[in-house]
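Subject: Handover of a structure and the findings on its sheets and helices

Dear colleague,

Please find below the structure that I am handing over to you. My findings follow it, arranged by topic.

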Amino acid sequence: MTQKKVLLAQNSAFIANRLPRAARALKEAGYEVEILNWNRGVNAEIIENATATFQAEGIKVHSIFCGHTPYGKGIVTAINKLLFIIKVVFFLFKHGQQYKVVHAIDFDLGLPVFIAKRLNSKLKFDVVYDIADFVETFHSPIPKSIRKMVKKLSERIMEYARFIIIPDENRLINIPANCHEKTVIINNSIDPPKETRDYPVNVHKSMLNIFYYGALSKDRGIELLLKQKNVALWFAGKGELQDDIKAHANKYDTIHYLGYLGFEETLSVASQMDIIYMVYDPNYQHNQIASPNKLYEALYLGKPCIVAENTSVDTFVEKYDIGYVTKFDEHNLQNVIAEINHKELAAGLEELATKGKHAKEIYTNFSWDASKKRLVEIYNSITMWGE
């Protein structure tokens with residue numbers, strides 16, 4: 001074991017920015033960083049490109065394959081998920097002694113890391129349990145009995161971990177009180193790319209251009225958005241609704257599906273839009289404490305957003321006047337968009353520009369720099385403590 005060698009592990013590590021951002025911050029701080037990724041048999045090009053990029057930066061990538069495991073299938077993919085847990089445990093049995101810290105993102109990795117530590121007393125690494133999402137609160141076909149079991153196991157992992165990381169203080173409600181002292185907020189703010197990548201699109205000049213990107217799941221208000229008229233709708237990402245979005249895009253000239261875009265391409269498209277859409281269904285506990293990456297990306301780009309009531313981000317949006325709040329139903333969303341249309345198209349998008357300006361002005365208060373500093377401090381405290 002070396003004091004500066006760490007492993008960051010996540011299911012589909014390269015789809016979101018949380019692990020890549022942390023890996024680069026720790027590498028910059030002088031740590032020897034490796035990544036463990038679950039290759040689910042989808043997004044092969046993304047994995048290949050990310051692996052090559054990270055290895056060029058001096059960050060080794062390990063990918064575990066357990067057969068084709070699509071997203072959003074719940075119990076259907078249980079065998080592959082069990083196999084993944086077993087493979088992670090054996091990976092740590094074989095390699096775990098060389099790491100000072102294993103940083104497990106979400107329950108998918110928290111569980112096998114916890115099992116490996118409990119089964120093998122030779123493994124001396126400290127565990128950082130980074131809970132980007134509480135899977136037991138997710139919109140998915142997971143049975144209630146399984147959700148309860150996951151919650152209990154996750155709490156065991158929290159108690160065992162050296163540190164717990166969450167993206168927003170709203171999520172403290174899911175952390176046992178006896179673990180609050182070791183819980184640190186590392187937000188979902190953007191780590192601005194060093195190089196930009198243009199992805200020009202032909203925005204509609206005579207109507208509002210609204211952009212949704214990310215997971216194309218049924219709790220994200222996508223079906224409500226597809227019913228809206230007199231606006232141009234843009235979608236990017238993958239998930240259970242992508243075929244439905246494609247069908248709408250083939251039928252209507254004002255609806256566009258761009259497929260899956262990389263981080264830089266997504267930012268390029270978002271920068272050309274009028275509004276970023278993040279209307280999550282508040283009927284799910286997970287969405288009641290939402291901390292979407294898109295919010296911080298909207299701040300960075302100076303773009304207003306539309307959010308749903310009772311998703312925690314609604315109070316943030318109203319407090320700083322950076323967008324619009326709607327109830328989670330088709331009629332209210334229609335009214336909000338109609339009001340924007342009425343005001344904005346007649347006034348040259350003046351109010352949108354003002355809200356976007358407010359977003360840009362507060363970005364520095366929520367930038368990655370402060371969270372990056374906290375992350376490095378966590379690691380420094382662990383490595384110094386062990387010397």
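**The seven-stranded sheet**

Seven strands, in the order β3-β2-β1-β4-β5-β6-β7, make up an open sheet with parallel pairing. Please bear in mind throughout that this is a predicted model. The edges of the sheet are formed by β3 (60-65) and β7 (183-185), each of which pairs on one side only. From one strand to the next, the twist averages 20°.

Strands of a sheet pair through backbone hydrogen bonds, and the pairing may be parallel or antiparallel. One pair in this sheet may serve as an illustration. Strand β4 (residues 101-105) and strand β5 (residues 126-130) run parallel and are joined by five bridges. Within this pair, V102 has V127 of β5 as its bridge partner.

Two helices should be viewed together with these strands. Helix α1 (residues 18-28) lies across β1 (5-11), β2 (32-39), β4, β5 and β6 (163-166), and it runs at about 170° to β1. Helix α2 (residues 44-56) lies across β2 and β3, with an angle of about 155° to β3.

**The six-stranded sheet**

An open sheet of six strands is also present, with parallel pairing and the order β10-β9-β8-β11-β12-β13. Here the edge strands are β10 (255-257) and β13, and each pairs on one side only. On average, neighbouring strands of this sheet are turned by 25° against each other, direction ignored.

At the β10 edge, strand β9 (residues 232-238) runs parallel to β10, and three bridges join the two. In this pairing, I255 in β10 stands opposite L233.

At the β13 edge, strand β12 (residues 305-308) and strand β13 (residues 323-326) run parallel and are joined by four bridges. Opposite V307 stands V325 in β13. Together with helix α11 (residues 313-320), β12 and β13 make a right-handed β-α-β unit.

**Helices packed against helices**

Two packed helices are described by the angle between their axes and the distance between the axes. Two pairs in this model can be presented in that way, and helix α10 takes part in each.

How do α8 and α10 cross? The axes of helix α8 (residues 263-271) and helix α10 (residues 293-301) come within 10 Å and cross at roughly 60°. This angle makes α8 oblique to α10. The crossing in which α8 passes α10 is right-handed. On the α8 side, the contact is made by F263, L267, A270 and S271, and on the α10 side by E297, Y300 and L301. Sorted by class, this contact has five nonpolar residues, one polar residue and one charged residue.

At what angle do the axes of α10 and α13 cross? They cross at roughly 100°, and the axes of α10 and helix α13 (residues 350-362) come within 6 Å. The two helices α10 and α13 are therefore roughly perpendicular to each other. Their contact is made by A298, L299, Y300 and L301 of α10 together with A359, K360 and I362 of α13. By class, the contact of α10 with α13 has six nonpolar residues, no polar residues and one charged residue.

Y300 and L301 of α10 thus appear in the contact with α8 and also in the contact with α13.

Yours sincerely,

A colleague

Conventions. Residues numbered from 1 in each chain as written. Predicted model: local features only at pLDDT ≥ 70, side-chain atom pairs only at ≥ 80, totals over all residues. Heavy atoms only, no water. Axes fitted to C-alpha atoms, helices over the stretch in contact; angles between N-to-C directions. Parallel < 35°, antiparallel > 145°, perpendicular 65-115°, else oblique. Left-handed = near helix turned anticlockwise from the far one by under 90°. Contact = heavy atoms within 4.5 Å. Nonpolar A, V, L, I, M, F, W, Y, C, P; charged D, E, K, R; others polar. Pairing = 2+ DSSP bridges. Right-handed = clockwise from strand over helix to strand, strands pointing away.
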